[in-house]
Amino acid sequence: MARAMSETLTIRRPDDWHVHLRDGDMLRHVVGHTARQFARAIVMPNLTPPVARAADAAAYRQRILAALPADADFTPLMTCYLTDATDADDLAAGHADGIFTAAKLYPAGATTNSANGVTDIGNIRDVLERMAEVGMPLCVHGEVTDPEIDVFDREAVFIERVLAPLLRDLPELKVVFEHATTEEAVAFVESARPNVAATITPQHLHINRNAMLVGGIRPHAYCLPVAKREKHRLALRKAATSGSGKFFLGTDSAPHTREAKESGCGCAGIFNAPFALESYLTVFEAEGAIERFEGFASEHGARFYGLPLNEGTVTLQRAPVEVPAELRGVVPFHAGDTLGWRLAG
Ligand code: NCD
Ligand code: ZN
């Protein structure tokens, strides 16, 4: 508690275990924000066309490194976009060569640029078996795409229909349940074996679905999986701040231009990279759990992935920071708000 009252918080350098860095101009606009906040990040592969083979990931990694500010000290960790046609040998070789840190399962049609995703998990059975064998983590977008299922229920139904059976068949498979948004996901991950963990975004700790729908439709609060009822937000806050090594930081920062968000058919995704640590820390402080922030931000993820903890530290100062209304054509999370912490440097 003494630490909670102090004016600064210094923690080991953190990592972001789920980020969309995009490509081209958008990559150059956004990568510096992530590199300023984090030492490493799991980079999502949903480009068009997707990052599906080891050679694609090696080339994308080069483009990310080339787009970094000169003084950046940042390591992108690459992922493979699984499709019905993923070649288990290419995937395993990419993992062995240190190109692929993990693979990402997008159910086809679940979210932005998921059209090439997996249409039936049975189609990649050989790939998943190989991943379990070699200890390669599977990052999961946990939503079914069945048109009969209500969008607010798609995560819970995915657990029941897809994830629970998958883990019964392949109990050794390392799974990260990405951007958990429900109490069902929290309960599932908590009761699963140690090889199952989850990332939690800042937005799902801050907002429930009212933020999107009350007083007018607010496209900048729309992401997938969509924010749920308040009881789910409370379950996520409890999990994130619990100290459990099964829950760790993954921003799901997903920039889209203002025009792409403010549209008759707006894109899903919240751009939270610029003030991600400040945003999370606000939650930990409100929950009286500042002393557990370092585990969530800087330790649990690395331990789960079997990677070394980062050297060095970052310091957050208790000071007001105003979040701009827009950053180069993209509206950030908390736009126009004042947060109570500022990342130094
Ligand atoms: C992500 C994107 O825009 O790439 N959007 C989102 O709402 N989170 C895709 C994803 O992670 O689902
Ligand atoms: Zn994402």
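Two strands count as paired if DSSP finds at least two bridges between them, and this rule is a useful starting point for reading the predicted model shown above. Strand β3, which covers residues 40-43, and strand β4, which covers residues 75-81, are joined by 4 bridges and run parallel. Within this pair, Ile 42 stands opposite Leu 77 of β4.

Helix α3, formed by residues 54-67, packs on the sheet to which these strands belong, where it touches β3, β4 and also β5 (100-105). The direction of α3 makes about 150° with that of β4. Helix α6, residues 154-169, likewise packs on the sheet, and its contacts are with β5, β6 (138-140), β7 (175-177) and β8 (196-200). Between the direction of α6 and that of β7 the angle is about 175°.

The sheet itself can now be followed from one edge to the other. It is an open sheet of 8 strands with parallel pairing, and its order is β2-β3-β4-β5-β6-β7-β8-β9. Strands β2 (15-19) and β9 (247-249) stand at the edges and have a single partner strand each, so that one side of each is left without a neighbour in the sheet. From one strand to the next, the twist averages 30°.

Helices also meet one another in this model, and one such meeting involves α7 (residues 183-191) and α10 (residues 230-240), whose axes come within 8 Å and cross at roughly 30°. On the α7 side the contact is made by Glu 183, Glu 184 and Val 186, while α10 contributes Lys 231, His 232, Ala 235, Leu 236 and Ala 239. Sorted by class, the residues of this contact between α7 and α10 are 4 nonpolar, 1 polar and 3 charged.

These elements can finally be placed within the whole protein chain, which has 13 helices and 11 strands. The radius of gyration of the chain is 19 Å, close to the 20 Å that the globule rule gives for 345 residues, and the chain is therefore as compact as a globular protein of that length. Taken along the principal axes, the box filled by its C-alpha atoms is roughly 50 × 45 × 40 Å. Of the 345 residues, 56% count as buried, and the chain exposes about 13,700 Å², of which carbon and sulfur atoms supply 51%. Among the contacts between residues at least 6 apart in sequence, 71% join residues that are at least 24 apart.

Methods: Residues numbered from 1 in each chain as written. Chains lettered and ligands numbered in written order. Predicted model: local features only at pLDDT ≥ 70, side-chain atom pairs only at ≥ 80, totals over all residues. Heavy atoms only, no water. Axes fitted to C-alpha atoms, helices over the stretch in contact; angles between N-to-C directions. Helix = DSSP H or I, 4+ residues; strand = E, 2+ residues; numbered from the N terminus. Contact = heavy atoms within 4.5 Å. Nonpolar A, V, L, I, M, F, W, Y, C, P; charged D, E, K, R; others polar. Rg over C-alpha atoms; globule rule 2.2 N^0.38 Å. Buried < 20%, exposed > 50% of the residue type's maximum accessible area, 1.4 Å probe, protein only. Areas by Shrake-Rupley, 256 points an atom, 1.4 Å probe, with all protein chains shown as cover.
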